[in-house]
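Q: Please take a close look at one strand in this model and set it in its surroundings. Start with the strand itself, then widen the view step by step.

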Amino acid sequence: MTVQTERPPSGPVDVTKPDQRGPGEQRPASRAGALAPYLLLLPACAATVLLLGWPLLKDLLLSFQNLNMGQLIQHVTEWNGIENYKQALTGEDFWRVTGRSILFTAVNVVLTMLLGALVGLLLARLGKRMRVTLMVGLVLAWAMPVVAATTVYQWLFAQRFGVVNWVLDKLGWHSMADYSWTSSQLSTFFVVTVLIVWQSIPFVAINLYAATTTIPGELYEAAALDGAGAWKSFTTVTLPFLRPFLYATTFLEVIWIFKAFVQVFTINGGGPDRLTEILPVYAYIEGVGNQHYGMGAAIAVLTILILLAITAYYLRIVLKQEEDEL
Amino acid sequence: MKRKLITAIGVAAMLVSVAACGGDDGDSGDKAGADGYAGQTLTVWVMDGSSPDQWQKDVQAAFEKKTKAKVKFEIQQWNGIQQKLTTALSEENPPDVFEIGNTQTPAYAKTGGLADLADLKSSIGADWTESLNKSSIYDGKQYAAPWYFANRVVIYNKKVWADAGIKDTPKTRDEFYADLKQIGEKTKAEPIYLPGQNWYHFVGLTIGEGAELVKKDGDKYVSNLDDPKVAAAMETYKKFQALSKAPKDKDEATPQQAEVFAKGNVGAFIGMGWEAGTAIAANKKIESDIGYFTIPGATADKPEGVFLGGSNLAVAAGSKKQALANEFLKIALSDKYEGELAKLNGVIPNKESLQTNLTGNAVAEAAAPAAAGGGTTPLIPEWAAVENAPNPVKTYMTAVLNGKTPAEAAKQVESEFNKRLAQQQ
């Protein structure tokens, strides 16, 4: 990665464009060379089409069908047009779940980014030994399989034999001794949020720590000479460098947290009383749980559309940046 | 060269005969050859805990001896079984024979996934107990064969009861409650482990009250949870649940109630007889302390209503081994092996004449008095959707236990309940 030591000037940048040669001047050897990138991209594209494109297409087809136990077992295809979408979009359940999903994602992303950024900055300031220790801890948390981590959290927060309740009780908070964390919407979301934030911090922290290593030390010296305090040098030197990284990680975190099916479903199955269902869980429970597969597929399609809408802003920035760079 | 030709013809013949089986939905696709069904393997799905190893081994041996074919038992879990079964039945190679819950049978009969067993019924089913066979019949056709039935009993820790100074087992609901109270006062043990969502026990209580969970509204079924009789059943449940420290929003399988009981400081729990085996597996020392009694009802002459859980055996309509599957059922459900199952597991067999196998079995003797007054959830195809998680009946129970009135709780789950009953099939 190249290091920019100045903000890029706002005027047109003086870059040599690689394709300034006229079309007639191309030689056959370079034409074969021009094909190489596409050939290299081919395996990745093929895998994407096979593993993502095909299921997506299937899902789309299912979403226009009335497909339940009977139809599935008998292999009958019953097209019902946009009936599934109509039912989903006119029912209040769907919109309630959508609102809940967006709020859930917002809270988790903000917490993750805030805490992750702080840990990242801490990493940059720590001495070598402590940094390695912290890094190892972060990587272990990051490397832990989701289902395993979720199971551990279930044990931690178990009502009768969970260590969290035990600690709270020992600390003198006796009413918590038998507290059921899965009994209400907020307490369930609390456990899920702790779990997800804990799982997501390492990625953000390590990413941002990597970003800070690209900032040349002279800049801080210069800032200090100009009389900048700690806060000032953070906002004028550190932050501008971190901005693209913050964008990128926020974008990824939004996607990951929005589709955090495993954590939510495993902790409490979307309960109590379906109050912690987020969109992917809702799609699963309506589709597979209730054996109403067409409906589930329709909700899944809508979920993808909503996620696209949420991330559209960032996608625009990325596309614009790429245009600028050309 | 010649050998190759023979092989080729053999392969071609096999392909043709396989294709013939595939295209034939009927019962004669795979008639036994000269040496029976040698080389074939029948896949049988049984539920966790429903058939002991000894029984499986004996049936396997008898089946192999008679048909020369092999049988492979695959153990399934109740949780999520409907989704798994639906998928399996839609596939090319479904399990040939499978165990299916009695309340789930009508829905699957309606899907067309179960083979018609009229022949089996006429050859071995003439004296199947009628009430137990009810769930297997849909639209007048026999879609499954009744296998075994069981109802819950009180499983108690004799040592805890003795420590509390109780000499005899209770005969009425009030005595039962007083005994549990006494355990709470005189010992350090938890009187009863009753999680908030042991919904089969709750269904039993509604049966005891003579209540129905659904009612007809025009031509469709709707929730009947707002019936005062259902509320009365729930009040009974709540009264006993208050004596337990078990979570109000969990069912008896999370954690396994028998494993909690196995720790030795729980007075009793309400469960299936074979759950005692789970407790003993978790803690060998508890074995000598375990006792059983019938769940006491409001008066001494009539035990509590119970949910008559049970399983049928069905043959997949898509199975290519229909005749072999029928052979298996004839052996598994024969008096010999049906009787053995009843004896080993203490479950009610599908014929009254076989009930002699239960004499001397502590579980069966505790269960039997209540069985006559037992019942099931509504035997309608629409019901299966209600049992899918999150089951609105369970939600109703937790809501009441957390302080709502039964009427409020019934109202809360009504739309979800009705939506499932009305779900397009």
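The answer below goes from the strand to its domain, then across to the partner chain.

A: The model is predicted, and everything here is computed from it. The part to focus on is β13 of chain B, residues 309–315.

Start with burial. All 7 of the 7 residues of β13(B) are buried, and the strand is mostly covered. In a regular strand, side chains alternate between the two faces of the sheet. Both faces therefore deserve a check, given that alternation. In β13(B), one side carries Gly309(B), Ser311(B), Leu313(B) and Val315(B), and these are buried. The other side carries Gly310(B), Asn312(B) and Ala314(B), and these are buried as well. Neither face of β13(B) is left uncovered.

Next, the neighbours in the sheet. Strand β3(B), residues 97–101, pairs with β13(B). The sense is antiparallel, and the pairing runs over 5 bridges. To find the register, begin at Glu99(B): its bridge partner in β13(B) is Leu313(B). Leu313(B) is also one of the buried residues of the strand. Strand β6(B), residues 145–150, pairs with β13(B) too. Here again the sense is antiparallel, over 5 bridges. Ala150(B) has Gly309(B) as its bridge partner in β13(B). Gly309(B), like Leu313(B), sits on the side of β13(B) that also holds Ser311(B) and Val315(B).

Now the domain. The assignment for chain B gives domain 1 as 34–150 + 309–366. Domain 2 is 153–307 + 373–422. The strand, at 309–315, falls in domain 1. The centres of the two domains, taken over C-alpha atoms, are separated by 28 Å. Contact between them involves 17 residues of domain 1 and 17 residues of domain 2. On the domain 1 side, the elements that give two or more residues are α4(B), residues 105–111, and α15(B), residues 362–371. That side divides into 6 nonpolar, 9 polar and 2 charged residues.

Chain B also meets chain A. Each chain puts 23 residues into that contact. On the chain A side, the elements that give two or more residues are α2(A), residues 69–74, and α12(A), residues 279–289. The largest share, 5 residues, comes from α2(A). By class, the chain A side has 5 nonpolar, 15 polar and 3 charged residues.

Of these elements, α12(A) merits a second look. It is largely enclosed by the rest of the structure, because 9 of its 11 residues are buried. Among them are Leu279(A), Pro280(A), Val281(A) and Tyr282(A). Further along, Ile285(A), Glu286(A), Gly287(A) and Gly289(A) are buried too. Just after the helix, Gln291(A) takes a positive phi of about 55 degrees.

Finally, chain A as a whole. Its secondary structure comes to 13 helices and 0 strands. Chain A has a radius of gyration of 25 Å, whereas a compact globule of 326 residues would be near 20 Å. Its C-alpha atoms fill a box of roughly 70 × 65 × 30 Å along the principal axes. Buried residues make up 29% of the chain. Of the contacts in chain A between residues at least 6 apart in sequence, 66% join residues at least 24 apart.

Terms used. Residues are numbered from 1 along each chain as its sequence is written. Chains are lettered from A and ligands numbered from 1 in the order in which they are written. This is a predicted model: local features need pLDDT of at least 70, side-chain atom pairs count only at pLDDT 80 or more; totals for chains, interfaces and linings use all residues. Two residues are in contact if their C-beta atoms, placed from the backbone, lie within 7 Å. Helices (H or I, at least four residues) and strands (E, at least two) are DSSP runs, numbered from the N terminus. Ala, Val, Leu, Ile, Met, Phe, Trp, Tyr, Cys and Pro count as nonpolar, Asp, Glu, Lys and Arg as charged, and the others, Gly among them, as polar. The radius of gyration is taken over C-alpha atoms; the globule rule is 2.2 Å times the number of residues to the power 0.38. A residue is buried if 20 or more other C-beta atoms lie within 10 Å of its own, exposed if 12 or fewer, and partly exposed in between; C-beta atoms are placed from the backbone. Two strands pair if DSSP finds at least two bridges between them. Domain bounds come from an automatic or database domain assignment.
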